Amino acid sequence: MSTFSPQSLARLSTCHPDLQRLFTEVIKHRDCTVLCGHRTQAEQDQAVAEGHSKTPWPKSRHNALPSLAADVAPFPLDWADRSRFIEFAHFVLGVAATLGISITWGGDWDRDGVPDKFFDGPHFQLEEK
Ligand SMILES: [Zn+2]
C-alpha cells in the first residue's frame with residue numbers, strides 16, 4: 001500500500017475535508033503525489049503567469065481556505081504521459097462517486113468524457129452542493 005510523503009500530507013492538509021477523505025482513500029490503491037492544495041495570492045499570480053491556471057486571484061478554488069481544489073498526480077510524475085493522467089483521473093472520479101463526493105476533473109471541465117483543450121491533468125475540484 002502506498003502512502004503520501006510528508007510534503008504531500010502537508011499540502012493535502014490545506015484542502016477541504018472531502019478532498020482529504022478522497023485522496024486518503026485513493027493513495028491506498030494508487031501511488032500519487034499532492035502537487036498543490038491551497039494557493040496564496042503570490043502562488044496564484046505565479047500559476048497564472050506560468051500558464052498553469054487561467055483564474056486570477058482570488059477566484060481559483062485553490063485560493064479558498066481550506067482549498068476546494070487539489071492538484072494530485074500519479075507517482076512517479078511524468079508530465080508527458082497524458083494517458084496516465086486520464087487513467088488516474090478516472091480512478092479518482094470512481095472513488096469520489098463511491099464516497100458521494102462531487103468532483104470536477106481539470107482534464108474534462110464540461111464532464112462530457114472527452115479530454116479538453118485546456119488540459120489540467122492533476123486538477124480536481126469540489127463542486128458546490
Ligand atoms: Zn489545480
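Two strands pair if DSSP finds at least two bridges between them. Keep that rule in mind, as this tour of a predicted model spends much of its time among strands.

**Stop 1: the whole chain**

Start with everything shown as a cartoon. The chain holds four helices and four strands, and along the sequence they follow the pattern α-α-β-α-β-α-β-β. Now show the C-alpha trace alone and turn it around: along its principal axes it spans about 35 × 30 × 30 Å. How does the radius of gyration of the chain agree with that of a compact globule? For 129 residues, such a globule would have a value near 14 Å, and the chain has 13 Å, which agrees. Of the 129 residues, 36% are buried. Contacts also reach far along the sequence: among those between residues at least 6 apart, 59% join residues at least 24 apart.

**Stop 2: the sheet**

Select the four strands and hide the rest. They form an open sheet in the order β1-β2-β4-β3, with antiparallel pairing. Which strands stand at the edges? They are β1 and β3; each has a single partner strand, so one side of each is left without a neighbour in the sheet. Tilt the view a little to see the turn between strands: on average, neighbours in this sheet are rotated by 35° against each other, direction ignored.

Now bring the helix α2 back. This helix packs on the sheet and touches β1, β2 and β4. The direction of α2 makes about 10° with that of β2.

**Stop 3: strand β2 and its partners**

Colour β2, residues 69–74. On one side, β2 is joined to β1 by four bridges, and the two run antiparallel. To find one of these pairings, select C32, whose bridge partner in β2 is P74. β2 also pairs with β4, again in the antiparallel sense, over three bridges. Here, pick D71 and look across to H123 in β4, which stands opposite.

Is β2 largely enclosed or left open by the rest of the structure? Five of its six residues are buried, so the strand is largely enclosed. While you have the side chains on, remember one rule: in a regular strand, side chains alternate between the two faces of the sheet.

**Stop 4: the two sides of α2**

Zoom in on α2, residues 17–26, and show its side chains. The buried residues of this helix are L19, L22, F23 and V26. Look down the axis of α2: these buried residues fall within an arc of 85°, so they line one face of the helix. On the other side, P17 and T24 are exposed. What covers the buried residues of α2? The cover includes α1 (6–12), β1, β2, α4 and β4.

**Stop 5: the nonpolar core**

Next, select F23, A70 and F124. Among the 24 residues of the largest nonpolar core, these three touch the most other members. Six elements each supply at least two residues of this core: α2, β1 (32–36), β2, α4 (82–99), β3 (103–105) and β4 (123–126). With five residues, α4 gives the most.

Stay with A70 for a moment and show what surrounds it. Leaving aside neighbours within four places in sequence, A70 is in contact with L12, C15, L19, F23, V34, G37 and F124. Two names in that list, F23 and F124, are ones you selected with A70 at the start of this stop.

**Stop 6: unusual spots in the loops**

Finish with three places in the loops. Go to W57 and P58, which are joined by a cis peptide bond with omega about 0°. P58 lies in the loop between α3 (41–49) and β2. Then move on to F75 and P76, where another cis peptide bond has omega about 0°. The place of P76 is the loop between β2 and α4.

Last, select R111 in the loop between β3 and β4. Its phi is near 55°, a positive value in a residue other than glycine. Is R111 buried or exposed? R111 has 12 other C-beta atoms within 10 Å, and a residue counts as exposed with 12 or fewer, so R111 is exposed.

Note on methods: Residues numbered from 1 in each chain as written. Predicted model: local features only at pLDDT ≥ 70, side-chain atom pairs only at ≥ 80, totals over all residues. Core = buried A, V, L, I, M, F, W, Y, C linked by C-beta atoms within 7 Å. Buried ≥ 20, exposed ≤ 12 C-beta atoms within 10 Å, placed from the backbone. Contact = placed C-beta atoms within 7 Å. Arc of directions from axis to C-beta. Rg over C-alpha atoms; globule rule 2.2 N^0.38 Å. Axes fitted to C-alpha atoms, helices over the stretch in contact; angles between N-to-C directions.
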